[in-house]
Amino acid sequence: MKTRDRILFGFPVAVTAVVVFFAWLLYWQHTVFMESFLSDAENSISHETMLAREAVSPFLQSGDESGAKEFCEKFRGTGLRLSVIAPDGRVIGDSDEDPEEMVNHSARPEVSAAMSGAPATDRRFSESVGEWMIYHSVPLETPDGVYVVRSSVKTDATSRIMTLSKVNLVLAVVFGGIVVAAVAAYVLRRVRKPLLLLQSSVMSVASGILDVRIRIPRSGVLRDLAIGVSEMTEKLKKTIESVSRERNDKEAILSDMTDAVLLTLSDGSVAEHNRSAERLFQIAPGGSFNVFRSGVKGLADSVEKAFSVGAGFKKEFSMTFPDSTEGVIFVSATFTGGGLLLTITDLTELRRLESFRSDFLAHVTHEIRTPLTCISGAAEVIREEPDLPKEKRMEMAEMIFTQAARMNSLVNDILNLLSIERKTHVAEKDFFPVNLFSVAVNAAAQTSPAAHRAGISISVSGNRNAVVDGDAPALEQAIVNLIVNAIRYSGSKKIDVSVDKCDGKCRLSVRDYGCGIPREHRERIFERFYRVHKDRSRALGGTGLGLSIVKHTAQLHGGSAVLECPEDGGCIFSMMLPESVSSAEDDSGNSQMDDNTIRGGRLPRAHEDVCGR
């Protein structure tokens, strides 16, 4: 068992031990407090009794028992009970009771001790009052004998409070134990176990094992994260399976029908070839060809060696195609009766697909690993620090939530991109006429709260009659990506969205007036996961797929995405889309709306009418 697991499993036991220790400590403090209170009460009543004796002494010295009685009655309702007892045990004065109705007190322990000449204190239940009390008696010598002055106070109220506090202490201990047990069980079942399973599954996916099953918890903080990772894995698996299936199909077709086939003689001349060879080497129909002048690096040497040793070969070669592009071919050479039969397979596309798959997996796993590490680290801090302050615990929980949201955003962007790519390869697209101006207004409205928080204004202007055949939600998402990109990274305080028509095309442009993009980054700005400032992009929540989605959305609609960097600063991102064949030819609807700027998360009334809101 790992150290962190031992700590985690020992956490409930440790917390319970701490709770029991502090409960015992509070109980001991409670007992000490009670004893201290009673001791203080005895000292206080002793002092008050001495004062009462000095006050009542003149009356008893002169034999005025009625004066002593009147003095006692002055203490009625004060909480201190004062009694004066004659030498024969009669009660001649009492602040709470009628002395005539009280029994002889000479047998009372504190009274008997005081009559013997020594002050005395006693705690007992009073039959006459019906409550627990503290008594203190002092002797008062007079010509008529020894009188006793006695004071007493009730202790029932304090005892009840202390007893109630004991009960509350026990209840608190029990409740605390239940809470600790519940929290520990929740962490073990709903956080630790699902997180370890998810981490193991993601590591398997990162290593290339896509058949791993992502276990999704029925509930808990990790359920949404597990669902997102599971969906992403399934989509990725299906995509890679689709690419692999297409590659295998292509290889089968090439081996049976479309491979370039050359029947080569010892001098390198080609006696026979097929149409695939004509296309590959740009051989004119009926023309001649020599493999020694094929442009394939190393092929001539391999052919010569094959003829010299009398054995064929199978080998890959780098090749410069007639259009000056570089590629890879696979040559299988076998001797036949007529010469050396070269079967040539073009592997350029296959290698490109393999590289794309490898790069895509590397990027995705890299993007997932960072938030997973943060989530794992935050959860481990919460798990291993039982006394973590509430503020720190909330900070860790916020980190988990933020990183989970980041992974969810990445998964959504990947799924969106894969969906667009799939639609691109569909021959019959389910498109409808879309008013590009209305879509731009909707996108600006969607992003206006974020722009308002950043102190940025968004204006929408252009041709209201710009119509394209397309997918309205996909176009709106692409425009949102462009506006959000400008809000996050441009540093501009103004963003202009414009819609124009020209030469059968509709142009949607998003311009900012910010920092611009350095020249060395412009050609790659639409690539997947490409970031100009990687750390800044991740800190602002970017996934690196927003502009790639814009490019693929434009391609889906038969258009293109373009970046321009004006000399006066800023950037212009544009989508050039074919105008709908069913759109009206009348451009009388052109209207500039530069003065209608979207601010504060609410559209101007003119824009609301366009959006149908």
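This is a walk through a predicted model of a protein, from its overall make-up to a few of its elements and residues.

Let's begin with the whole chain. The protein has 613 residues, of which 42% count as buried. Its secondary structure consists of 15 helices and 19 strands. If you look at contacts with a sequence separation of 6 or more, 59% of them are between residues 24 or more positions apart. The exposed area comes to about 32700 Å², with carbon and sulfur atoms supplying 54% of it.

A good first stop is the hairpin formed by β1 and β2, which has five residues between its strands. Strand β1 covers residues 81-85 and strand β2 covers residues 91-94; the two run antiparallel and are joined by three bridges. To find the register, start from S83, whose bridge partner in β2 is D94. In the turn, look for G89, which has a positive phi of about 95°.

Further along the chain, S269 sits in the loop between β6 (260-264) and β7 (270-273). Which residues does S269 touch, once those up to four places away in sequence are set aside? They are L263, T264, F289 and N290. V291 is 22 residues from S269 in sequence, and the C-alpha atoms of the two are 6.5 Å apart in space. The side chain of S269 also makes a polar contact of 2.7 Å with the side chain of D267.

Now move on to helix α10, which takes in residues 436-453. From its first C-alpha to its last, this helix of 18 residues reaches 26 Å, close to the 26 Å expected at 1.5 Å a residue. Even so, α10 has a kink of about 45° at T447, shortly before the proline P449. The helix is mostly covered, with 13 of its 18 residues buried. At its start, a side-chain oxygen of N435 comes to within 3.0 Å of the backbone nitrogen of F437. After the helix comes G455, which has a positive phi near 70°.

One residue of α10 deserves a closer look: L436. Is L436 buried or exposed? It counts as buried because its relative accessibility is 0%, and buried means under 20%. Leaving out residues up to four places away in sequence, L436 touches A466, V468, L475, V499, C506, L508 and L577. For V499, the C-alpha atom is 7.3 Å from that of L436, although the two residues are 63 apart along the chain.

Two of these contacts of L436, C506 and L508, take us to strand β15, which spans residues 505-512. β15 is mostly covered, as six of its eight residues are buried. Strand β14 (residues 494-502) pairs with β15 in the antiparallel sense over eight bridges, and V497 stands opposite V510 in β15. β14 and β15 form a hairpin with two residues between the strands, where D503 takes a positive phi near 55°. β15 also pairs with strand β17 (residues 571-578), again in the antiparallel sense and over eight bridges. In that pairing, L508 stands opposite M575 in β17.

To tie these last stops together, follow L508 on the model. This residue is touched by L436, whose place is in helix α10, and L508 also stands opposite M575 in β17.

Technical notes
Residues are numbered from 1 along each chain as its sequence is written. This is a predicted model: local features need pLDDT of at least 70, side-chain atom pairs count only at pLDDT 80 or more; totals for chains, interfaces and linings use all residues. Side-chain values use heavy atoms; hydrogens and water are left out. Helices (H or I, at least four residues) and strands (E, at least two) are DSSP runs, numbered from the N terminus. The expected span of a helix is 1.5 Å times one less than its number of residues. The bend at a residue is the angle between axes fitted to the seven residues ending there and the seven starting there. Buried means under 20% relative accessible area, exposed over 50%, partly exposed in between (1.4 Å probe, protein chains only). A polar contact is a pair of N or O atoms within 3.5 Å; within protein, one must be able to donate a hydrogen and the other to accept it, and residues adjacent in sequence count only if both atoms are side-chain atoms. Contact means heavy atoms within 4.5 Å. Accessible areas come from the Shrake-Rupley method with a 1.4 Å probe; for residues, only the protein chains shown count as cover. Two strands pair if DSSP finds at least two bridges between them.
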